[in-house]
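Here is a colleague's note on the structure shown below. Please read the points with the coordinates open.

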Amino acid sequence: MAVGLKVDFLWYPIGTGDFVHSFFSTICYNLEGGKWGSRFPYLMNSLYQGELSYNDLDSAKEELTVIIEEFKEFSPDQVIWDIEDLSKQPPWGNNISPEIKNLSDYFITCDGENIFDEIIKAFKEAKAEKQNIVLTSL
């Protein structure tokens, strides 16, 4: 089942539920010291829990900018597939494209886009339409 970001009637596909959980797990483990939402409450607590308010978009975008920059310092082998079970590995293991140099370019959506680019597109649309962003599955 595909999980993505919904803004009004627009849909930004991300990937499977496991893939989305891996993205947030990687943020929590590497950037928040394993304390979910301690540094990035808008993304980790609001968006991950299902909905990011239009009123919080600017703060969430600032958080996203920090994550992108800090992910550049982490190698792809520092990905976390599941924060609740650190022994789990991505289904593709270490078989990734040589173009992936760090965690900022590790997460590629089911449509072949960088996850950060898709989130930014959804943020821009939500801002323009004055809509909340919903993380949901189809």
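1. **K6 and its strand.** Start with K6, which sits in strand 1. This is a predicted model. K6 counts as partly exposed, because its relative accessibility is 36%, and the partly exposed class lies between the 20% and 50% limits. Leaving out residues up to four places away in sequence, K6 touches W11, N132, I133, V134 and T136. K6 and F71 are 65 residues apart in sequence. In space, their C-alpha atoms are 25 Å apart.

2. **I133, a partner of K6.** The contact between K6 and I133 can be read from the other side too. With neighbours within four places in sequence set aside, I133 is in contact with L5, K6 and V7. Its contacts also include L47, G50, E51, L52 and L57. A122, F123 and A126 are on the list as well.

3. **The nonpolar core.** Which residues have the most contacts inside the largest nonpolar core? They are L5, F23, I27, F71, F123 and I133. That core has 39 residues. The elements that give two or more residues to this core are strand 1 (3-7), strand 2 (10-15), helix 1, helix 2, helix 3, helix 4 and strand 4 (133-137). Helix 1 supplies the largest share, 7 residues. As background, nonpolar side chains in soluble globular proteins tend to be buried together.

4. **T26 in helix 1.** T26 lies in helix 1. Is T26 buried or exposed? T26 counts as buried, because its relative accessibility is 0% and the limit for buried is under 20%. Not counting residues up to four places away in sequence, T26 touches L31, F71, Q78, V79, I80, L103 and F107.

5. **One cavity.** A search of the whole structure finds 1 cavity of 30 Å³ or more. About 50 Å³ of space lies in the largest cavity. Its lining is made up of L5, I14, V20, F23, F24, L47, I115, I119 and L135. Helix 1 (17-31) and helix 4 (115-129) are the elements that give two or more residues to that lining. The largest share, 3 residues, comes from helix 1. What is the make-up of the lining by class? The lining has 9 nonpolar, no polar and no charged residues.

6. **Salt bridge E70 to R39.** The whole structure holds 5 salt bridges. E70 forms one of them with R39, and the closest N and O atoms are 2.8 Å apart. This pair links distant parts of the chain. E70 is in helix 3 (residues 57-71), while R39 is in the loop between helix 1 and helix 2 (41-47), 31 residues apart. E70 is partly exposed, with a relative accessible area of 26%. R39 is partly exposed too, at 38%.

7. **Salt bridge K72 to E69.** K72 forms a salt bridge with E69. Here the closest N and O atoms are 3.0 Å apart. K72 counts as partly exposed at 39% relative accessibility. E69 is partly exposed, with a relative accessible area of 45%.

8. **Salt bridge E118 to K121.** The side chains of E118 and K121 meet in a salt bridge, 2.9 Å from N to O. How are the two residues placed along helix 4? They are 3 residues apart in helix 4, so about one helical turn separates them. E118 is buried, with a relative accessible area of 5%. K121, in contrast, counts as partly exposed at 41%. In general, side chains of opposite charge can pair when their charged atoms come close.

9. **Two backbone points to check.** Most residues other than glycine have a negative phi. D8 is not a glycine, yet has a positive phi of about 55 degrees. D8 is placed in the loop between strand 1 and strand 2. D8 counts as partly exposed, at 33% relative accessibility. K130 also has a positive phi of about 55 degrees and is not a glycine. K130 is found in the loop between helix 4 and strand 4. K130 counts as exposed because its relative accessibility is 58%, and the limit for exposed is over 50%.

Terms used: Residues numbered from 1 in each chain as written. Predicted model: local features only at pLDDT ≥ 70, side-chain atom pairs only at ≥ 80, totals over all residues. Heavy atoms only, no water. 1 Å grid on protein atoms, 1.4 Å probe; cavity = no way out; pocket = protein on both sides within 12 Å on 5 of 7 lines; lining within 4 Å. Points joined across faces, edges and corners; volume = space filled by probe spheres on them. Helix = DSSP H or I, 4+ residues; strand = E, 2+ residues; numbered from the N terminus. Nonpolar A, V, L, I, M, F, W, Y, C, P; charged D, E, K, R; others polar. Salt bridge = Lys/Arg side-chain N within 4 Å of Asp/Glu carboxyl O. Buried < 20%, exposed > 50% of the residue type's maximum accessible area, 1.4 Å probe, protein only. Core = buried A, V, L, I, M, F, W, Y, C linked by side-chain atoms within 4.5 Å. Contact = heavy atoms within 4.5 Å.
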